[in-house]
There are 6 protein chains.
Amino acid sequence: MASFLLKSFLVVLAVFFISSMVQASDPDILSDFNVPAESTIDGNFFTFTGTRDIFGSIIEKFTVTKVSKAEFPALDGQSVSLAVLQFPGGGVNPPHTHPRAAELLFVVQGSLEVGFVDTTNKLYTQTLQVGDLFVFPKGLVHYQYNSDWNKSATAVSGFGSASAGTVSLPTTLFATGIDDQILAKSFKSDVATIQKIKAGLSS
Amino acid sequence: MASFLLKSFLVVLAVFFISSMVQASDPDILSDFNVPAESTIDGNFFTFTGTRDIFGSIIEKFTVTKVSKAEFPALDGQSVSLAVLQFPGGGVNPPHTHPRAAELLFVVQGSLEVGFVDTTNKLYTQTLQVGDLFVFPKGLVHYQYNSDWNKSATAVSGFGSASAGTVSLPTTLFATGIDDQILAKSFKSDVATIQKIKAGLSS
Amino acid sequence: MASFLLKSFLVVLAVFFISSMVQASDPDILSDFNVPAESTIDGNFFTFTGTRDIFGSIIEKFTVTKVSKAEFPALDGQSVSLAVLQFPGGGVNPPHTHPRAAELLFVVQGSLEVGFVDTTNKLYTQTLQVGDLFVFPKGLVHYQYNSDWNKSATAVSGFGSASAGTVSLPTTLFATGIDDQILAKSFKSDVATIQKIKAGLSS
Amino acid sequence: MASFLLKSFLVVLAVFFISSMVQASDPDILSDFNVPAESTIDGNFFTFTGTRDIFGSIIEKFTVTKVSKAEFPALDGQSVSLAVLQFPGGGVNPPHTHPRAAELLFVVQGSLEVGFVDTTNKLYTQTLQVGDLFVFPKGLVHYQYNSDWNKSATAVSGFGSASAGTVSLPTTLFATGIDDQILAKSFKSDVATIQKIKAGLSS
Amino acid sequence: MASFLLKSFLVVLAVFFISSMVQASDPDILSDFNVPAESTIDGNFFTFTGTRDIFGSIIEKFTVTKVSKAEFPALDGQSVSLAVLQFPGGGVNPPHTHPRAAELLFVVQGSLEVGFVDTTNKLYTQTLQVGDLFVFPKGLVHYQYNSDWNKSATAVSGFGSASAGTVSLPTTLFATGIDDQILAKSFKSDVATIQKIKAGLSS
Amino acid sequence: MASFLLKSFLVVLAVFFISSMVQASDPDILSDFNVPAESTIDGNFFTFTGTRDIFGSIIEKFTVTKVSKAEFPALDGQSVSLAVLQFPGGGVNPPHTHPRAAELLFVVQGSLEVGFVDTTNKLYTQTLQVGDLFVFPKGLVHYQYNSDWNKSATAVSGFGSASAGTVSLPTTLFATGIDDQILAKSFKSDVATIQKIKAGLSS
């Protein structure tokens with residue numbers, strides 16, 4: 001009987017434990033920082049070395065290396081994250097949104113074609129050179145493209161959230177199982193075309 | 001000379017005036033409400049009658065009637081807005097996001113197929129009956145569809161912002177002028193298919 | 001001994017568990033949504049069916065049906081909730097406040113007399129028809145009244161918080177045990193009158 | 001013609017000017033402080049001397065001396081304010097709410113009976129001595145009472161908003177013109193009793 | 001085996017327990033108040049008596065008595081705290097910052113020299129008398145000094161956070177072990193001078 | 001007369017204009033972005049080219065190049081900014097705080113010694129290599145030092161505010177005119193030592 005109660009209790013606690021980890025939030029915190037419960041906290045906790053070799057690597061396909069709360073827990077409660085974007089010649093970062101932050105992109109190598117669309121359906125574009133910055137406002141659809149097929153490009157992006165999130169639109173729309181009929185009606189297209197796009201993205 | 005100074009000054013003020021109207025923000029306010037500068041404020045200021053005839057109308061195509069800060073200035077600073085969604089038989093509200101709020105949808109007539117995709121690319125769907133509610137989390141791609149071709153459907157949606165904003169994805173992606181090559185690469189498709197979709201949406 | 005430590009530990013955890021559930025907060029979240037720890041999350045988690053029969057019911061007394069975080073856990077972290085207000089002929093929603101949100105009321109059946117008082121003690125009133133909306137600013141005292149004794153009225157209200165809270169003033173002031181003398185002095189009345197009102201509200 | 005345009009323009013600007021002053025908000029600011037446009041800002045701007053004689057005065061009736069954004073503009077954007085509450089023997093601060101902040105009360109002279117009611121209609125009371133503190137949670141109905149008829153009492157209260165606001169419930173409910181019938185129904189009383197209370201508060 | 005799993009599980013829970021306590025945050029809460037999990041909550045929970053004797057004590061050295069979330073858990077979620085500052089004649093509160101709140105200081109006895117420096121390196125100073133208030137903007141370096149060697153001074157300060165935090169600059173800079181060379185370069189001084197200051201602060 | 005009114009009116013508007021520019025705040029905005037009132041907004045508005053040549057320059061002294069709201073107005077309302085930190089061999093960024101944001105530093109060239117002190121007076125240090133990141137929590141004192149006298153170092157830092165602000169502690173404490181006696185008492189030193197440090201910093 002006691003064992004049953006204990007087990008029940010632990011199940012409840014386990015559920016709560018998992019639940020709470022998902023419930024972390026981005027507001028100002030009431031302490032200097034949020035620490036995971038380790039016996040000793042030192043400078044290593046505030047250090048991320050997972051990108052140590054990033055600048056020496058050869059860029060073969062478009063790659064986003066995120067340094068957000070998921071990869072670097074010390075960011076929890078600090079409302080900031082970074083990402084490194086690496087484009088081979090001709091590489092594209094497909095249209096996407098970040099639900100929880102604006103993005104301030106800084107080109108540190110090569111050049112990029114960038115653009116975003118606001119909620120009035122106006123497209124804003126720019127060609128960026130090394131050392132240029134561009135801001136993609138919060139929640140809006142945007143993309144980057146390295147139009148130079150002979151040279152790779154690298155950018156460092158800052159976000160005003162420890163967990164900006166990313167909604168990749170080709171995948172979200174055409175590779176998650178949304179009904180063909182609904183997509184065909186939505187895009188004023190036909191089921192055959194929708195299926196063709198789905199096939200391309202799933203290959 | 002004085003005239004020149006005056007004109008310059010007014011231009012600066014005009015610029016600031018336009019700028020400031022765009023800069024309105026959603027946080028808690030330091031007053032009971034924000035009032036436009038009218039000589040007298042009474043109960044009419046807090047009343048919106050633009051939807052008075054909405055329930056009697058015949059629904060011929062999918063229609064969103066927003067009651068947000070733009071239509072109802074008294075909402076400024078109150079962090080809430082509503083919208084009425086009316087679907088004819090077979091009507092669809094294409095995939096879209098609201099950059100600044102979650103949506104809590106309440107079906108008041110008919111039934112709806114709804115869905116959204118989270119940032120891990122998981123699709124969540126549901127069939128809603130009259131009286132059911134569904135919440136679309138903040139910033140995520142979602143849609144609604146009235147699969148009953150013989151009956152219209154109506155929903156009332158609440159938003160936790162006076163200005164949730166809407167990013168319609170078919171329009172944003174394929175009707176704002178994003179370069180065909182960038183779209184073709186992004187959707188792992190070809191320029192011809194992209195142009196076909198663009199043509200459908202622009203007709 | 002070990003058993004004693006284990007029990008002590010579990011008590012501490014239990015206390016923390018209860019404590020934490022009360023500590024949930026309304027800010028922007030760092031994830032798409034907050035999930036209770038169930039083994040599988042699907043579309044049902046984001047669906048609320050507790051109001052499915054609400055529109056067919058006969059309205060015999062004033063009724064508020066809340067769909068907030070308490071009833072619909074998926075609203076946690078999404079900063080929005082709704083309520084359905086049903087008034088029989090002559091029904092009143094007594095003066096009250098919502099400590100954590102403004103209310104945007106939408107009349108979907110019948111008509112309502114509404115009013116609120118701001119912090120300068122000014123009363124704002126309005127008569128609303130079907131399809132009209134009215135916003136009650138955050139934290140202010142307000143009421144609704146169906147003055148038509150022959151027709152019921154229904155409203156759907158949106159709130160910019162998942163847990164707006166309600167302070168009913170007749171109950172709060174006269175049915176929670178506040179000392180008669182303090183109330184008599186506060187209302188510049190006498191103990192007999194205070195006790196008469198208390199008696200009416202407790203019957 | 002030019003004159004007409006100029007006048008129209010100035011009217012628009014004036015409207016905007018008044019409007020904007022009302023729209024001030026409480027969030028974190030992007031500067032060290034918000035300054036009114038004076039030619040020179042020095043230490044006097046951050047100083048409030050309006051309460052310099054407050055501790056020497058004789059307390060004849062209950063008095064609240066607020067030091068909020070309205071009285072002390074330097075508080076704008078700093079999210080804090082204070083008030084001094086002075087009670088003669090037997091003095092009462094009638095039930096009220098602060099829509100925009102919790103109150104942390106510190107008794108610096110005498111003693112006080114205090115209480116508040118939460119949204120579950122539970123009353124919490126306490127008798128406070130000199131040096132004691134009590135917190136009234138945000139938006140809830142509360143009161144203070146100096147039950148010692150022979151000794152005055154003084155408290156200093158802190159608020160987590162530069163403009164907490166106050167809703168005095170006796171005045172709000174019974175001295176702003178809310179319809180007698182609505183109040184009678186709301187308080188489950190009769191029009192004669194409502195009118196008696198109204199008369200007492202208006203005298 | 002089961003025992004091992006149980007122990008492992010409890011360790012994980014303990015880690016989470018400690019971690020979560022540190023993660024408390026200051027935003028608006030979704031409940032009236034946050035309660036620790038005690039079997040019964042009454043008025044005592046909202047009362048702090050740790051400062052009951054504060055006004056009768058003799059002030060021998062500068063003393064800050066904080067009433068923040070750490071000392072008074074009921075403040076959690078209420079975004080407000082207070083502190084009592086007591087200065088003997090000639091007493092100083094050294095330059096410091098509060099990372100999470102502005103400070104509104106109220107002189108209740110004696111007089112004080114106060115000052116702060118903004119981010120443009122401008123110093124603002126004032127001499128305060130009994131009953132005067134001064135606001136130190138959020139995050140800026142400030143100090144208070146009782147220049148009257150014959151009279152003590154007392155102030156009550158309000159903060160717009162339940163946990164404002166304090167960074168004492170003499171201690172932070174010269175008594176935490178920052179490398180002498182780095183400090184010498186930073187202060188454009190020499191190692192000997194840095195070590196002299198360090199020695200004074202550590203004695 | 002009309003002229004006098006006009007002038008008075010314009011003075012009021014000018015005062016408001018200056019005042020409002022200082023009052024800008026960091027919260028979520030109710031629009032996609034905040035625009036200055038230019039006749040046409042295009043991609044250039046969202047682009048910053050002031051750092052185009054930054055990577056080719058020779059680093060002769062420690063230099064911070066900020067890209068915040070002041071330099072790049074499109075960041076207003078987007079809650080993010082970046083800075084480039086360039087250190088010659090042996091260069092130091094003296095102890096300082098950012099009142100309005102945490103800093104996430106990314107070493108893109110060379111190596112850095114970094115450290116910060118929390119509000120419990122604990123020092124956290126680290127030696128960073130190229131590709132490493134370090135987070136300095138919001139509002140805490142921190143520094144960076146390039147201990148390699150033969151090699152320059154460069155870092156890109158992200159901030160979760162469009163206007164993080166900087167409080168340089170050597171300058172704030174010893175070069176803004178704070179009274180020598182107050183500093184001597186605060187640092188438990190003597191006036192001669194304080195004056196020596198002041199002299200070094202002012203030279």
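In what order do the six strands of the open sheet with strands from chains A and F lie? The order is S1(A)-S8(F)-S5(F)-S10(F)-S3(F)-S2(F), and the pairing is antiparallel. The model described here is predicted. The points below treat this sheet, the relation of chain A to chain F, and two helix contacts, one of H4(A) with H4(B) and one of H4(C) with H4(D).

**Sheet with strands of chains A and F**

- The edges of the open sheet are formed by strand S1 (47-48) of chain A and strand S2 (63-67) of chain F, each of which pairs on one side only.
- S2(F) runs antiparallel to strand S3 (residues 81-87) of chain F, and five bridges join these two strands.
- Within this pairing, F:Val67 has F:Leu82 in S3(F) as its bridge partner.

**Relation of chain A to chain F**

- Two copies of a chain are related by a rotation about an axis and a shift along it.
- Chain A is superposed on chain F by a rotation of 180 degrees with 0.0 Å of shift along its axis, at an RMSD of 0.0 Å.
- This is the relation of a two-fold axis.
- A:Gly160 comes closest to the rotation axis among the residues of chain A, with its C-alpha at 2.1 Å.
- The copies meet through the same surface, because 100% of the interface residues of chain A are also interface residues in chain F.

**Contact of H4(A) with H4(B)**

- The axes of helix H4 (residues 191-202) of chain A and helix H4 (residues 191-202) of chain B come within 11 Å and cross at roughly 140 degrees.
- H4(A) is therefore oblique to H4(B), given that only angles over 145 degrees count as roughly antiparallel.
- The crossing of H4(A) and H4(B) is left-handed.
- On the H4(A) side, A:Thr193, A:Lys196 and A:Ile197 meet B:Thr193, B:Lys196 and B:Ile197 of H4(B).
- The residues of this contact comprise two nonpolar, two polar and two charged.

**Contact of H4(C) with H4(D)**

- Helix H4 (residues 191-202) of chain C and helix H4 (residues 191-202) of chain D have axes that come within 11 Å and cross at roughly 140 degrees.
- H4(C) and H4(D) are therefore oblique to each other.
- H4(C) passes H4(D) in a left-handed crossing.
- C:Thr193, C:Lys196 and C:Ile197 in H4(C) are in contact with D:Thr193, D:Lys196 and D:Ile197 in H4(D).
- By class, the residues of the contact of H4(C) with H4(D) are two nonpolar, two polar and two charged.

Note on methods. Residues numbered from 1 in each chain as written. Chains lettered and ligands numbered in written order. Predicted model: local features only at pLDDT ≥ 70, side-chain atom pairs only at ≥ 80, totals over all residues. Heavy atoms only, no water. Least-squares fit on C-alpha atoms with pLDDT ≥ 70 in both. Contact = heavy atoms within 4.5 Å. Axes fitted to C-alpha atoms, helices over the stretch in contact; angles between N-to-C directions. Helix = DSSP H or I, 4+ residues; strand = E, 2+ residues; numbered from the N terminus. Parallel < 35°, antiparallel > 145°, perpendicular 65-115°, else oblique. Left-handed = near helix turned anticlockwise from the far one by under 90°. Nonpolar A, V, L, I, M, F, W, Y, C, P; charged D, E, K, R; others polar. Pairing = 2+ DSSP bridges.
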